[in-house]
Amino acid sequence: MKANQWQAMAVAAGLMVASTASAQETGGGSGSFGSAGQIVVSSDAYGNLGYTTEGAGYGYFHLAPSADYFLKGNLSVGANVQLRVLFGEGDTLAAFGIGGRVGYNIPLAEKISVWPKAGVTLFVGDDIIAAQDGTGAASTVILDGYAPFLFHVTNHFFVGGGPRLAIGLGDDVDVTFGVSTTIGGYF
């Protein structure tokens, strides 16, 4: 049964990695992706299987719908709401978060860019950082870095994915590294 659980988590993670999107305009309209005054609406999703610094193997799913605003060329600020669900042996845990972030888009080619972002999120609900040592509900602060490579499929629509590093602060510090995906558009 444990093998089936890991296979299901691997399939879910593969599907999430395959579902990333973003947008870049090649001319006219509101300009290319990252132009001052643009609003970007996107959603990040990722799954993670493996080992945490607390020593427990588990998987989780994370959704983060967000909105970002480009203050000036390629410099963005944004906010998001997040839902995390942790599953493994025992009970399934969930937490809700709200966060802010700053990013900088770096065009690499006509339809490709990298948009590294750094943020901070406050989570309320089950303490998913300390879940493996049996603690209950709590608030947790997460420092987060994410660098998705974006493929601008058409004007105003993109998909992408890249590495994510999350550091959970609380009674214990937990570090998680994973791969995330994103899909979004701008106007």
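These legends walk through several close-up views of one predicted protein model.

The model is predicted, so local features need pLDDT of at least 70 and side-chain atom pairs count only at pLDDT 80 or more, while totals for chains, interfaces and linings use all residues. Residues are numbered from 1 along each chain as its sequence is written, and side-chain values use heavy atoms, with hydrogens and water left out.

**View 1. The whole chain has one helix and 11 strands.**
Let's start with the full picture. Following the sequence, you meet the pattern α-β-β-β-β-β-β-β-β-β-β-β. Helices (H or I, at least four residues) and strands (E, at least two) are DSSP runs, numbered from the N terminus. The chain has 187 residues, and 42% of them count as buried; buried means under 20% relative accessible area, exposed over 50%, and partly exposed in between (1.4 Å probe, protein chains only). About 8,800 Å² of the chain is exposed, with carbon and sulfur atoms supplying 68% of that area. Accessible areas come from the Shrake-Rupley method with a 1.4 Å probe, and for residues only the protein chains shown count as cover. Among contacts with a separation of 6 or more, 59% join residues 24 or more positions apart; a contact means heavy atoms within 4.5 Å.

**View 2. Asp44 forms salt bridges with Arg101 and with Arg164.**
A salt bridge is a side-chain nitrogen of Lys or Arg within 4 Å of a carboxyl oxygen of Asp or Glu. How many does a search of the whole structure find? There are four salt bridges. In one of them, the side chains of Arg101 and Asp44 meet at 3.4 Å, N to O. Arg101 belongs to strand β4 (residues 93-104) and Asp44 to strand β1 (residues 39-51), so this pair ties together parts that are 57 residues apart in sequence. Both Arg101 and Asp44 are buried. Asp44 also meets the side chain of Arg164 in a salt bridge, again given as 3.4 Å, N to O. That pair links strand β10 (residues 157-169), home of Arg164, with strand β1, home of Asp44, across 120 residues.

**View 3. Arg164 also joins Asp144 in a salt bridge.**
Here the N to O distance between the side chains of Arg164 and Asp144 is 2.7 Å. Arg164 sits in strand β10 and Asp144 in strand β8 (residues 137-146), 20 residues apart. Are these two residues buried or exposed? Arg164 is buried, with a relative accessible area of 6%, and Asp144 is buried too, at 19%. Now look at the wider set: a network of salt bridges links Asp44, Asp68, Arg101, Asp144 and Arg164. The charged end of Arg164 also sits over the ring of Tyr146, 4.1 Å from its centre. For a charge to sit over a ring, NZ of Lys or CZ of Arg must be within 6 Å of the ring centre and within 35 degrees of the ring normal.

**View 4. Strand β10 pairs with β9 and with β11.**
Two strands pair if DSSP finds at least two bridges between them. Strand β9 (residues 149-154) and β10 run antiparallel over four bridges, with Phe149 opposite Gly161 of β10. These strands make a hairpin with two residues between them, and His156 in the turn has a positive phi of about 70°. β10 also pairs with strand β11 (residues 174-186) in the antiparallel sense, over 12 bridges. There, Phe158 has Gly184 in β11 as its bridge partner.

**View 5. Aromatic rings link up into a cluster.**
The structure holds six aromatic pairs. Rings of Phe, Tyr and Trp (its six-membered ring) pair if their centres lie within 6.5 Å; planes under 30 degrees apart count as stacked, over 60 as edge-to-face and the rest as tilted. The ring centres of Phe33 and Phe70 are 5.4 Å apart and the planes are at 80°, so this pair is edge-to-face. Phe33 lies in the loop between α1 (2-17) and β1, while Phe70 lies in strand β2 (residues 57-72), 37 residues apart. Phe33 is buried at 4% relative accessibility, and Phe70 is buried at 0%. Trp115 and Phe158 form another edge-to-face pair, 6.5 Å centre to centre with 80° between the planes. Both Trp115 and Phe158 are buried. Ring pairs connect Phe33, Phe70, Trp115, Phe158 and Tyr186 into the cluster. Finally, the charged end of Lys117 sits over the ring of Trp115, 4.0 Å from its centre.
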